[in-house]
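Biologist: Before we discuss the packing in this chain, could we have the sequence and the coordinates in front of us?

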Amino acid sequence: LWPRKSTEYVLAEDGDSDVASASRFGIRAPVEDANIFSQLTFSWMSPLLKLGQHKQISEDDLWEVPSDCAPANIAETFDANWQHEIDHSEKRSPSLIRALWKTVGAHYVLGGCFKLAQDILSFSKPVVLSMILGFVASHKTDKPQPMSFGYFYAGCMLALQITQSIALNQSLQLGYVTAIKIKSSLTTAIYKKAVWLSNETRQKYKTGEIFTMLTSDVDSVARLSDHAHIFWSGPLQIILGTYLLYNTLGWSALASIVVMVASMPVNRGLTARMQVLKKEQRTNKGKRIALVGEALSGAKIIKLYAWERPILSKIQYVRESLELASLSKFGRMFAWASVSMTTVPFLVSFTTFLVYSAFDGVSHGPLNARLVFVSLSLFNLLRSPLTMLPKSISTLVDAGVAAGRIHKLLTSDELDVESVTRLESVRRSNRETLVQGRSNMDFAVKVSGGSFRWSSKDSVQLDNINLSALSNEHLAIVGRVGSGKSSLLSALLGDMRKEAGEVVVHGQVAY
């Protein structure tokens, strides 16, 4: 808990720009060994920042990723949590949110604690500002407050600002770490699932759709970590701000609540419309990616038949008439939403001052500098939740749609791992047991009474297959087109659904 001595921090030496940081700083990230004061102030980054004064920082100058943020460790933790959901699917349906919560919940809760502290401290500053203005105003009267009060108020304001800055930056840092962990978890899970998809499920998910999940959908879910705290922090800030406004301006502050409530249906309507357009734009983007993928995979056929112009015109139609059109509509709707978000805070302050001046002006005295500045400070604090809350609702809906798509993929049917029994290589086992008189002619591949089909809806493609291949033996499979040669190889790889029989493969398979 105590700060280290300055000599314990390794700093870059002057004129040392050509030496790699790894040899000077060490590869291990210093944040893992930093004390609490270093983590709160980010002083563990001082060596890297000082190095940036002498040279342009490159990849060789960076430390390794902290162990708790390493993609391999995060993916392993998420896989264990997701497998737990799958194993208990009989009692309850697997939940992607629960698995993510078990993976990143600790960072999210800790970030929420810092966010709560930041909100409370931010609304404490207008109270101190009111005291400072009251202290200044008292010196124009016959009973001025002591100067020690002024120094005390100024010190409190400085302490609040420093503490609030620390809490805000820690909350943002933990939010970024949470987003990184969510991205690493979902990206690895989607990639692994795409490799093990069954042939029946693979027909439903094209390469473009899976690529969209790896980019747009994962980003949508990860972005929620930056906005999720707004759902409890926003109402809390509005309640605190309204309460302090009531203590400052009296019942005239209720006019601000009326404006806020009146603006919510407008913002909600704009947000819902933006969500519909965003979903439409994603669908069109998926179509374009699928068309481009098909064009690239069939480039040889397209060139042979001179289909470049028809294919290009089809891609341009989807890009310009569908995707860009929906993106343009989304941009116009976003502009209206920005106008609403900018106008509402102004209307709140204008209406409140108008009502106070016209109908009150007595309960808390005339509209002087103290009331105006404190009220404006509170209105500025209310601008953030009023602006971010509708945007966070849009992010939540977007993340819900993306999480639903990812959940559907992760719970889809996959290849049966146990359809092929994989054993140790025959050559290796024979070398180890040759002294015991074992023959080196053991089977490397053996199929006994195998029956296979591509999907549960298809009929049996291969029935009663019996095959054996010895070690060091070259075997050719000959037959007509469509007789099942490739299907047999797919069965040996485990890509087909095994209905009966046994398949044993020794060692690794190259194809």
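Modeller: Contact here means heavy atoms within 4.5 Å, and the model we are reading is a predicted one.

Biologist: With that cut-off, which residues is F78 in contact with, leaving aside its neighbours within four places in sequence?
Modeller: F78 has its place in helix α4, and α4 spans residues 71–87. Once the neighbours within four places in sequence are set aside, the residues in contact with F78 are L96, A99, L100, T103, S185, L186 and A189.

Biologist: Is F78 buried or exposed?
Modeller: Buried means under 20% relative accessible area. Because its relative accessible area is 0%, F78 falls under that limit and is therefore buried.

Biologist: Which helix gives the most to the largest nonpolar core?
Modeller: This core has 24 residues, and those that touch the most other members are F78, L96, L186, V221 and I406. At least two residues each are supplied by α4 (71–87), α5 (96–138), α6 (147–195), α8 (207–227) and α13 (369–410). The helix that gives the most to this core, with 6 residues, is α6.

Biologist: Which residues does V221 touch, not counting residues up to four places away in sequence?
Modeller: V221 is one of the residues that touch the most other members of the largest nonpolar core. Not counting residues up to four places away in sequence, V221 touches L100, I182, L186, A399, A402, A403 and I406.

Biologist: How many residues are in the second, separate core?
Modeller: Among the members of this second core are F123, L245, L249 and M260. The core is separate, and its number of residues is 18.

Biologist: Turning to the surface, is V195 buried, exposed or partly exposed?
Modeller: V195 has its place in helix α6, and together with Y191, W196 and V417 forms a nonpolar patch on the surface, with about 430 Å² of accessible area together. Partly exposed lies between the 20% limit for buried and the 50% limit for exposed. Because the relative accessible area of V195 is 46%, this residue is partly exposed.

Biologist: Which residue is the bridge partner of S451 in β4?
Modeller: Strand β2 (residues 443–453) pairs with strand β3 (residues 462–470) in the antiparallel sense over 6 bridges, and G450 stands opposite I465 in β3. Strand β2 is also joined by 7 bridges to strand β4 (residues 497–506), and these two run antiparallel. In β4, the bridge partner of S451 is A500.

Terms used. Residues are numbered from 1 along each chain as its sequence is written. This is a predicted model: local features need pLDDT of at least 70, side-chain atom pairs count only at pLDDT 80 or more; totals for chains, interfaces and linings use all residues. Side-chain values use heavy atoms; hydrogens and water are left out. A nonpolar core is a set of buried Ala, Val, Leu, Ile, Met, Phe, Trp, Tyr and Cys residues joined through side-chain atoms within 4.5 Å. Buried means under 20% relative accessible area, exposed over 50%, partly exposed in between (1.4 Å probe, protein chains only). Helices (H or I, at least four residues) and strands (E, at least two) are DSSP runs, numbered from the N terminus. Patches are made of residues with over 30% relative accessible area and no salt bridge: like charges are joined within 9 Å, nonpolar side chains (Val, Leu, Ile, Met, Phe, Trp, Tyr) within 5 Å. Accessible areas come from the Shrake-Rupley method with a 1.4 Å probe; for residues, only the protein chains shown count as cover. A salt bridge is a side-chain nitrogen of Lys or Arg within 4 Å of a carboxyl oxygen of Asp or Glu. Two strands pair if DSSP finds at least two bridges between them.
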